[in-house]
There are 2 protein chains.
Amino acid sequence: MTSSFEIVHKSQETSARLGKIHTAHGCVDTPAFIPVGTQATVKSLTPEDLSHLGVQIILANTYHLYLRPGHDVISSLGGLHRFMHWAGPILTDSGGYQVFSLAKLREISEQGVTFQSHLDGSSHLLTPEKAVQIQEALGADIMMCLDECTPYPATHTEARKSLKLSIDWARRCKESRRPNRGSLFGIVQGGMFQDLRAEGAKALIDIGFDGYALGGLSVGEPKEAMLNVAAFTLPLLPNPLPRYVMGVGVPEDLVEMVSFGADMFDCVVPTRHARNGQLFLRTGTLNICNARYRTDERPVEAGCRCYTCTHYSRAYLRHLFTAKELLAHRLNTIHNIHYFMTLMTEMRAAIRKGRFALFKRDFYAQRRP
Amino acid sequence: MTSSFEIVHKSQETSARLGKIHTAHGCVDTPAFIPVGTQATVKSLTPEDLSHLGVQIILANTYHLYLRPGHDVISSLGGLHRFMHWAGPILTDSGGYQVFSLAKLREISEQGVTFQSHLDGSSHLLTPEKAVQIQEALGADIMMCLDECTPYPATHTEARKSLKLSIDWARRCKESRRPNRGSLFGIVQGGMFQDLRAEGAKALIDIGFDGYALGGLSVGEPKEAMLNVAAFTLPLLPNPLPRYVMGVGVPEDLVEMVSFGADMFDCVVPTRHARNGQLFLRTGTLNICNARYRTDERPVEAGCRCYTCTHYSRAYLRHLFTAKELLAHRLNTIHNIHYFMTLMTEMRAAIRKGRFALFKRDFYAQRRP
């Protein structure tokens, strides 16, 4: 079953909108944050932990699962949902991003990209058709087209060449998809150039997808450039379909992108920061290994209702982290995901009540200068 | 409040007995297995996980907590129970075992043992009085006397000298304890020598403790020697008080020790094996990283009712372990602790029904030859 999107409410003050994505594995309230479960697990958490945190959809990385344990293995075991015991919607990326960031000896051709596994050096060819085939084998609810994530910086010529390739690959993805499988989203590239972003959006809309994503952001460009590209490009995407900003971001980014009309985000920030001891607060972040927390009996954030803040002191979390205890990662991850989920819940409530501009003002007012 | 011990039922066929330890933090059904929470956490699990697994009491290591974060820190934060959010009974060791196994440059005198921290090389003096003081500061329900864990092998002369020291230290521990704190257990040493074990038991009984432990086992001696020492020494300990075999053991050891009349055990086996991918089965163990499990959709053990076996395949657990995912440790630990808790529950039921000998026969019949 292909997913469908329903817009429940539109903000009058900004471009923010409240929606619902309906999938074969349940609904996702948007704007939605999608925690990253790279290797068929959101690091340190069980699916029950995720559900308790209010997570409705997770992302899995096609590149990683293709290499290990193999999409064939997962498919033979009943698909990714069953394999990892997650009953909710799953979005998979195309594998392209990791081919360009993790794999060795990449060679791009019209046909696709040849790369060597970062695990064992084995050689593989990823084509648009293969990317769709793998995602279908995994049983993804939402699949992404294979694209080339244009690096930053890139000249107009480079970005244009890269965009052309991504558009060609997107067409082949669409042609190769099988009926009654997951939705397929196109990814708008184009670097930091408005004309290319517009050209990319138009070309993908002409091909026709179930949703549209912005790619090539959060790749090292200045924050302002990222926000400018999003603010320019998001309105060019079809209003009735979901708009997904890939790889974004920190809380400020999410608030801005929602105000531009984005519906979905994925990012490793909450989970990776947790494993590095960086915990999110309404005022900013806190580094739990700081010596000042040695005897601090307060929770990470006063008033936070997450499991971690309800039961543990900063002193205990600092101890676990300093002692390199496994539980540190879990408790930190629970807090950070809770923070992100709460942020999204509050944004959705603000949109529903027509108070998103007010929410945004309050959000920034709480940030530490 | 000092703990008390109640014998509920005695096996007629063996020396096994069913009991209850009452502590200020709740009851413990015996024979009991005590998971090890070295650094104020049973690695990878929350206290709620432990409760769901039926764990009633945990062990924390005084040596580790004294060095990091410091017993003073834990005490200032309300004690170990509050620090780690575990409301049930806690048993602490004296710190002696880790001083002899982990610390650098140990020097033993009548006064105590001087050692260098394995963490930062700082120098410390652990005396019997200090060991009790630390355990009281932690708020342990059951405290252990400082002893010297006699190494294996040791000559009769060495073992005797070591035993004398442990007895002297035990007396000083008893003298230094404060009223209305945790129970204090003596530890019988004496190496592999029956006369020394008997001498040790008698001397400690003369001093008088709330319970008695066998130390110096599972230190490299042959299995038969360990069982012989336990079979010989356990009956010498006061019948109405709890008998604790320290650092033991694998399932076979537990079954044998229970039949000799032991009431309590602690061991890192279930948790450490879990982190090494060794999972316990009724028939023996299974190494989850074995390639044969790559596409094995069965649970670790058919019929096992633990969270891990209820929801995940061997193939998924192998994938998590191979991919070095944090969740691997947690799911493996849950299974292994469940196995140990179930084993203890079954032994207690067998004792209650007067069928412990039958249980033991069945237990061995299921082991893979």
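1. Two strands are taken to pair if DSSP finds at least two bridges between them. On that footing, strand 1 (residues 4-10) and strand 2 (residues 17-23) of chain A, in what is a predicted model, pair in the antiparallel sense over six bridges. A hairpin of six residues joins strand 1 of chain A to strand 2 of chain A, and within this pairing Lys20(A), in strand 2, is the bridge partner of Glu6(A).

2. Strand 14 (residues 264-267) of chain A has pairing partners in strand 4 and strand 13 of the same chain. With strand 4 (residues 32-35) of chain A the pairing is parallel and runs over four bridges, Ala32(A) standing opposite Met264(A). With strand 13 (residues 243-245) of chain A the pairing is also parallel, over two bridges, and here Val245(A) has Phe265(A) as its bridge partner. Met264(A) and Asp266(A) point one way from strand 14 of chain A, whereas Phe265(A) and Cys267(A) point the other way, and all are buried.

3. Strand 13, helix 10 (residues 251-259) and strand 14 of chain A together make a right-handed β-α-β unit. Helix 10 of chain A also holds Asp253(A), whose partner Lys223(A) lies in helix 9 (residues 223-233) of chain A, 30 residues apart. The two form a salt bridge in which the closest N and O atoms are 2.6 Å apart. Asp253(A) is buried, at a relative accessible area of 5%, while Lys223(A) is partly exposed, at 42%.

4. On the relation between the copies, chain B is superposed on chain A by a rotation of 180 degrees with 0.0 Å of shift along its axis, the RMSD being 0.0 Å. This is the relation of a two-fold axis, and in chain B the C-alpha nearest the axis belongs to Leu326(B), at 3.7 Å from it. The copies meet through the same surface, because 100% of the interface residues of chain B are also interface residues in chain A.

5. As for the contact itself, 39 residues of chain B and 39 residues of chain A take part in it. The area buried between chain B and chain A is about 3,400 Å², and carbon and sulfur atoms give 57% of this. Six salt bridges are counted between chain B and chain A; an example to inspect is the pair Asp49(A) and Arg330(B), whose side chains meet at 2.7 Å, N to O.

6. Arg330(B) appears again around Thr46(A), a residue in the loop between strand 4 and helix 1 (47-52) of chain A. Leaving aside neighbours within four places in sequence, Thr46(A) is in contact with Tyr307(B), Tyr312(B), Leu327(B), Arg330(B) and Leu331(B). Thr46(A) counts as buried because its relative accessibility is 3%, where the cut-off for buried is under 20%.

7. Helix 13 (residues 314-322) of chain B is mostly covered, with eight of its nine residues buried; among them are Tyr316(B), Leu317(B), Leu320(B) and Phe321(B). The buried residues of this helix pack against helix 2 (62-67) and helix 4 (80-84) of chain A, and also against helix 11 (269-275), strand 16 (284-287), helix 12 (307-311) and helix 14 (326-352) of chain B. Just after helix 13 of chain B, Lys324(B) takes a positive phi of about 55 degrees.

8. Over all chains the structure holds 37 salt bridges. One of them joins the side chains of Glu136(A) and Arg178(A) at 3.0 Å, N to O. Glu136(A) lies in helix 6 (residues 128-138) of chain A and Arg178(A) in the loop between helix 7 (156-176) and strand 11 (183-188) of chain A, so this pair ties together parts that are 42 residues apart in sequence. Glu136(A) is buried, with a relative accessible area of 7%, whereas Arg178(A) is partly exposed at 42%.

9. In chain B, Arg282(B) forms a salt bridge with Glu346(B), the closest N and O atoms lying 2.6 Å apart. Arg282(B) is in the loop between strand 15 (278-281) and strand 16 of chain B and Glu346(B) is in helix 14 of chain B, so the pair ties together parts 64 residues apart in sequence. Both count as partly exposed, Arg282(B) with a relative accessible area of 33% and Glu346(B) with 25%. In chain A, salt bridges that share partners join Glu129(A), Asp168(A), Arg171(A) and Arg172(A) into one network.

Methods. Residues numbered from 1 in each chain as written. Chains lettered and ligands numbered in written order. Predicted model: local features only at pLDDT ≥ 70, side-chain atom pairs only at ≥ 80, totals over all residues. Heavy atoms only, no water. Buried < 20%, exposed > 50% of the residue type's maximum accessible area, 1.4 Å probe, protein only. Contact = heavy atoms within 4.5 Å. Least-squares fit on C-alpha atoms with pLDDT ≥ 70 in both. Right-handed = clockwise from strand over helix to strand, strands pointing away. Buried area = accessible area lost by both parts, 1.4 Å probe. Salt bridge = Lys/Arg side-chain N within 4 Å of Asp/Glu carboxyl O.
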